[in-house]
Every structure is written in C-alpha cells, then in structure tokens.
Amino acid sequence: MYQEAEILQDTKYERVRDKVYVALDFPNGSAAASFVESMGPGVTHYKVGLELLMAEGPQWIEQMGKLGKQIFLDVKLHDIPNTVAGAIRALAHLPVSIINIHASGGRRMMEAAREALPAQTKIKLIGVTALTSLATEDVEWLGVKQTVSDWTLHLAKTCYDCGLDGVVASAHELTKIYEHLPKDFLTVIPGIRLNHNQMEDQVRVMTPVAAYQAGASYLVIGRAIRSAPHPARALQEVWESLLTVSTFH
Ligand code: C5P
C-alpha cells in the first residue's frame with residue numbers, strides 16, 4: 001500500500017468514496033492488482049475496460065469482487081441486438097455494479113440488452129453517448145447533422161426511453177441532460193482532468209469539482225490519478241475537493 005493510501009480509509013471520505021471510479025487501464029492483471037493494492041482498502045471503486053478484460057478474462061473481475069471492490073465494466077458493447085443480449089447474459093453473473101453499451105447501437109440493441117439482465121439485478125446498465133474524445137467535427141464526419149452536444153442529448157433521451165439506468169457523457173452536457181431527464185438518471189463522467197492543460201486524447205474535459213457541481217453521479221478518472229507522482233494523494237485531493245460541493249442528487 002502507498003504510504004499516502006492510509007488516509008484514504010478515513011471515514012470523512014464516506015460521502016465521496018463511491019463517486020470516483022479509478023480507471024484500471026493496465027496491460028495485465030498483475031500491474032492492475034499491484035496498483036489496487038497500493039491504493040489500499042479505502043479505494044473501493046474501479047473501472048475495468050477492454051484492455052484488462054481482454055488480457056485477463058472475467059475471472060480477474062471475480063477476484064476483484066472477492067476483495068470487495070465495486071467494478072464498472074466499461075465494455076462499450078455495440079453489435080446486433082441478439083449478440084449484445086448474449087454478451088450481457090454472459091457478463092451478468094459477474095460482481096460488477098455498472099456495465100455499458102454504445103447508445104449509437106440503436107433502440108432495439110439497447111432494449112435487448114436491458115431485457116437480457118435478470119429482473120432482480122443490481123447491475124446498472126448505461127449507454128455511452130458521444131465519446132469524450134470526439135468534437136463536433138468528428139460527429140459531422142460520422143454523418144451526424146447536430147452538434148456533439150445535441151447529439152449527446154438525443155442519445156441520452158433514447159437511453160432513458162429504452163429503460164437504461166443512465167449514460168456515459170461529457171461533463172459539458174450535464175446541465176442539458178438534467179434539464180430534460182430526471183435527477184436519478186445516472187451520469188457517469190470521464191474526461192476528468194485536474195489541470196485543463198493535460199488533455200491527452202480527450203477533447204471535452206472538466207475538473208472533478210466542476211463536473212460534480214454540474215450533477216455528475218460518478219466520475220471516471222484514469223491518467224490524472226494513475227500517472228500522478230503520488231496516486232493516493234491525487235485521489236485524496238479529488239475527494240477533498242468533492243467534499244466542498246453540496247450534493248446535487
Ligand atoms: O485517463 P483518462 O481519465 O482519460 O481515462 C478515461 C477512462 O474512461 C478511459 O478508461 C476511457 O476508456 C474511459 N472512457 C472515456 N470516454 C467514454 C467512456 C469511457 O474516456 N465515453
């Protein structure tokens with residue numbers, strides 16, 4: 001465990017502990033497991049994406065579940081309805097709290113995915129709207145005749161209509177989303193930067209406080225924590241900043 005990680009177990013962080021999913025974008029399970037170990041028992045929420053899932057398979061997720069970690073499985077499924085439904089059924093036994101699919105896969109795909117989850121499941125199914133790495137020029141190239149913001153809202157409303165629990169979206173669209181959709185509709189927000197100058201491949205970024213203030217249900221933070229000189233300290237700073245915001249939801 002990082003020396004700085006001990007403080008993350010402090011009960012003062014209870015209110016914000018579950019608000020940040022730390023992205024485990026590692027090439028293999030041992031690198032990811034050492035990182036999780038280094039962050040200590042106070043850090044309970046992690047996001048596992050395709051890189052790690054492809055490298056290690058679902059068994060790795062089961063191990064994380066046994067350690068009491070809450071996993072957002074960022075698989076961004078996008079295929080014909082029958083295939084996506086099958087994949088959801090295959091994933092639904094895993095100890096994960098959130099699974100996502102691409103909203104642009106269409107209504108029938110989203111409805112099939114939702115129906116594939118067992119009725120009593122605790123897993124939240126959410127739709128990826130426009131990737132935070134896309135700008136309006138990129139969606140124009142896709143043939144979309146709307147700004148990236150209007151396109152995101154359109155996809156978010158469709159996710160809601162199809163019975164999904166929420167969306168992955170850029171923080172820039174939060175206000176618009178909650179103008180049109182209820183506050184208990186989940187918003188999971190990547191593209192979070194502690195410092196706006198560090199965009200990397202993301203285009204539509206925001207700081208943790210600004211995103212939380214605008215109504216984010218959960219933040220997803222990867223490089224800003226993993227690549228910090230002291231990752232546990234970086235997460236502590238994020239949690240401290242979130243504690244200053246009175247809850248939106
Ligand atoms: O390092 P960074 O904080 O940019 O990582 C963001 C994480 O969130 C990555 O794992 C990326 O795959 C994921 N993500 C995203 N945009 C989405 C959905 C997920 O950046 N729309």
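**Exercise 1. In this predicted model, which residues does L73 touch, leaving out those up to four places away in sequence?**

Step 1. Pick L73 and skip everything up to four places away in sequence; what remains is V48, L53, I61, L91, L94, V96, I98, I99 and N100.

Step 2. Now put L73 in its setting. The largest nonpolar core has 77 residues, and L73, I88 and I101 are the ones that touch the most other members.

Step 3. Look for a second core. There is another one lying apart, made of 11 residues, including Y21, I126, V168 and L186.

**Exercise 2. Is T129 buried or exposed, and what does T129 touch?**

Step 1. Find T129 in the loop that runs between β5 (124-128) and α7 (136-141).

Step 2. Check the accessibility. Buried means under 20% relative accessible area, and T129 comes in at 4%, so T129 counts as buried.

Step 3. List the neighbours. Not counting residues up to four places away in sequence, T129 touches T152, L155, A156, V167, V168 and A169.

Step 4. Zoom in on V168. Its backbone oxygen sits 2.7 Å from a polar atom of the T129 side chain. V168 also turned up in Exercise 1, as a member of the 11-residue core.

**Exercise 3. Work out where N28 sits and what surrounds N28.**

Step 1. Place N28 on the chain: look in the loop between β1 (20-23) and α2 (29-39).

Step 2. Classify N28. The partly exposed class runs between the 20% and 50% limits, so N28, with a relative accessible area of 30%, is partly exposed.

Step 3. Look for a side-chain partner. The N28 side chain makes a polar contact with the side chain of S30, at 3.1 Å.

Step 4. Go further along the sequence. Once neighbours within four places are set aside, N28 is in contact with L52, A55 and E56.

Step 5. Finish with a distance. N28 and R107 are 79 residues apart along the chain, and 34 Å separates their C-alpha atoms.

**Exercise 4. Describe the largest pocket: how much space lies in it, and what lines it?**

Step 1. Start with the volume, which is about 540 Å³.

Step 2. Turn to the lining. It takes in 28 residues, with K47, D74, K76, P190 and Q202 closest to the pocket's centre.

Step 3. Ask which elements give two or more residues to that lining: β2 (45-49), α3 (50-56), β3 (70-77), β8 (218-221) and α11 (223-226). The largest share, 3 residues, comes from β3.

Step 4. Sort the lining by class, and you get 12 nonpolar, 7 polar and 9 charged residues.

Key:
Residues are numbered from 1 along each chain as its sequence is written. This is a predicted model: local features need pLDDT of at least 70, side-chain atom pairs count only at pLDDT 80 or more; totals for chains, interfaces and linings use all residues. Side-chain values use heavy atoms; hydrogens and water are left out. On a 1 Å grid over the protein atoms alone, a cavity is a set of points where a 1.4 Å probe fits but cannot get out, and a pocket is an open set with protein on both sides within 12 Å along at least five of seven lines; lining residues have an atom within 4 Å of a point. Grid points are joined across faces, edges and corners, and a volume is the space filled by probe spheres set on the points. Helices (H or I, at least four residues) and strands (E, at least two) are DSSP runs, numbered from the N terminus. Ala, Val, Leu, Ile, Met, Phe, Trp, Tyr, Cys and Pro count as nonpolar, Asp, Glu, Lys and Arg as charged, and the others, Gly among them, as polar. A nonpolar core is a set of buried Ala, Val, Leu, Ile, Met, Phe, Trp, Tyr and Cys residues joined through side-chain atoms within 4.5 Å. Buried means under 20% relative accessible area, exposed over 50%, partly exposed in between (1.4 Å probe, protein chains only). Contact means heavy atoms within 4.5 Å. A polar contact is a pair of N or O atoms within 3.5 Å; within protein, one must be able to donate a hydrogen and the other to accept it, and residues adjacent in sequence count only if both atoms are side-chain atoms.
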